[in-house]
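Visitor: I'd like to walk through this one residue by residue. Can you show me the sequence and structure, then take my questions?

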Amino acid sequence: MKKIIFLFCFISLFACSKSEDIPLIPDNIEVSHITNDDLALVDGLIQLKISKEEAVSRGVPALEYDVVKEALIKHNEGTTELLKKQGKERVQTKSDRYGNTMAYGMLQDPADLHFNYISFIPLCVANEESDGGIILSYTFSSDSISELDRHVLKYQYVGYFGGMGEIEEYGYTIGDLPLPGFTSGSASLEYNFYGNASYGICIYQIYDNT
């Protein structure tokens, strides 16, 4: 009888110790996402200003953080090449807006993750006598990075030499679209993602090309 009691206590103790190894996730923790508040512009390059550990503790899925970080790395590589091609790779100052970033951020679809639309971005070039205008640089990615993923970025510029249109690309894409002659006004961007992945992201950056 004593052996049976001892065996029962041992099994109970073992079960309790095993249950303590599995942390319980509080019911009040909600899933959150990377937002533009988590981004910063450092020497013309877009950087995450939150660590992966901080993001995960806030409720951001680890995969989402990795996708955004990788997209930013590729985007910044494209930025360096673009400015080098334009002869504007040097770091800018407040008094020297040559090649300056006028707007930047991230759009994400489906919109309930963050948002996929931004409007009334104010734009004004430094040298209105130049016909350089502005350049829209973009990077498309998703949590699957499939070649079948379809990314669509609609843009509209309101102002002198404004215009509108859309960019359609498949799979992981880095590109830029110049708008010569533009001097001042505003811009609106809308991003839509079509694919088997859970979501798509668009990193955007608008440069003064005067």
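**Fold, charges and cysteines**

Guide: Sure. The protein has three helices and 10 strands, and keep in mind that this is a predicted model.

Visitor: In what order do the elements of the protein run from the N terminus on?
Guide: The parts to place are three helices and 10 strands. Read from the N terminus, the order is α-β-β-α-α-β-β-β-β-β-β-β-β.

Visitor: What share of the contacts with a separation of 6 or more comes from residues 24 or more positions apart?
Guide: For background, the protein has 210 residues, and 39% of them count as buried. Among contacts with a separation of 6 or more, the share from residues 24 or more positions apart is 73%.

Visitor: How many salt bridges does a search of the whole structure find?
Guide: One of them joins Arg-58 and Asp-38. Another is made by Lys-52 and Asp-66, and Arg-150 forms one with Glu-168. The search of the whole structure gives a count of three.

Visitor: Let's start with Arg-58 and Asp-38: how far apart are the closest N and O atoms?
Guide: Arg-58 forms a salt bridge with Asp-38, with the closest N and O atoms at 3.0 Å. The pair links distant parts of the chain, as Arg-58 is in helix H2 (residues 52–58) and Asp-38 is in the loop between helix H1 (2–20) and strand S1 (39–42), 20 residues apart. For the N and O atoms, then, the answer is 3.0 Å.

Visitor: Which of those two, Arg-58 or Asp-38, is buried?
Guide: Buried means under 20% relative accessible area. Arg-58 has 34%, so Arg-58 is partly exposed. With a relative accessible area of 7%, the buried one is Asp-38.

Visitor: Which helices does the Lys-52 and Asp-66 pair link?
Guide: The side chains of Lys-52 and Asp-66 meet in a salt bridge at 3.1 Å, N to O. The two residues are 14 apart in the chain, and the helices they link are H2, for Lys-52, and H3 (residues 62–85), for Asp-66.

Visitor: And Arg-150 with Glu-168: which strands does that pair tie together?
Guide: The closest N and O atoms of Arg-150 and Glu-168 are 2.6 Å apart, in a salt bridge. Arg-150 lies in residues 150–159 and its partner is 18 residues apart in sequence, so the pair ties together strands S6 and S7.

Visitor: Are Arg-150 and Glu-168 buried, exposed or partly exposed?
Guide: The partly exposed class sits between 20% and 50% relative accessible area. Arg-150 has 25%, and Glu-168 has 38%. Because both values fall in that class, Arg-150 and Glu-168 are partly exposed.

Visitor: Where is Glu-169, and what does it touch?
Guide: Glu-169 is in strand S7 (residues 163–170), partly exposed at 26% relative accessibility. Its C-alpha atom is separated by 8.2 Å from that of Phe-140, 29 residues apart along the chain. Not counting residues up to four places away in sequence, Glu-169 touches Tyr-138, Phe-140, Asp-149, Arg-150 and His-151.

Visitor: Now Asp-109: how far away is the nearest side chain of opposite charge?
Guide: Asp-109 is found in strand S3 (residues 101–109). The residue is buried yet has no salt bridge. A salt bridge needs the nitrogen and oxygen within 4 Å; the nearest side chain of opposite charge, Arg-150, is away by 9.5 Å.

Visitor: Which backbone nitrogens does the side chain of Asp-109 reach?
Guide: Leaving aside neighbours within four places in sequence, Asp-109 is in contact with residues including Asn-116, Tyr-199 and Phe-193. The side chain of Asp-109 reaches one backbone nitrogen at 3.5 Å and another at 2.7 Å. They belong to Ala-111 and Phe-193.

Visitor: How far apart are the end C-alpha atoms of H3?
Guide: H3 has 24 residues, and at 1.5 Å a residue the helix should span 34 Å. Its buried residues include Val-67, Val-68, Ala-71 and Leu-72. The end C-alpha atoms agree with the expected span, at 35 Å.

Visitor: What phi does Gly-87 take?
Guide: Gly-87 comes just after H3. Its phi is positive, at about 75°.

Visitor: Last one: how many disulfides does the structure hold?
Guide: Cys-124 is partly exposed, at 38% relative accessibility. Cys-202 is buried, at 0%. The number of disulfides in the structure is zero.

Notes: Residues are numbered from 1 along each chain as its sequence is written. This is a predicted model: local features need pLDDT of at least 70, side-chain atom pairs count only at pLDDT 80 or more; totals for chains, interfaces and linings use all residues. Side-chain values use heavy atoms; hydrogens and water are left out. Helices (H or I, at least four residues) and strands (E, at least two) are DSSP runs, numbered from the N terminus. Buried means under 20% relative accessible area, exposed over 50%, partly exposed in between (1.4 Å probe, protein chains only). Lys and Arg count as positive and Asp and Glu as negative; His and the chain ends are not counted. A polar contact is a pair of N or O atoms within 3.5 Å; within protein, one must be able to donate a hydrogen and the other to accept it, and residues adjacent in sequence count only if both atoms are side-chain atoms. Contact means heavy atoms within 4.5 Å. The expected span of a helix is 1.5 Å times one less than its number of residues. A disulfide is a pair of cysteine sulfur atoms within 2.5 Å.
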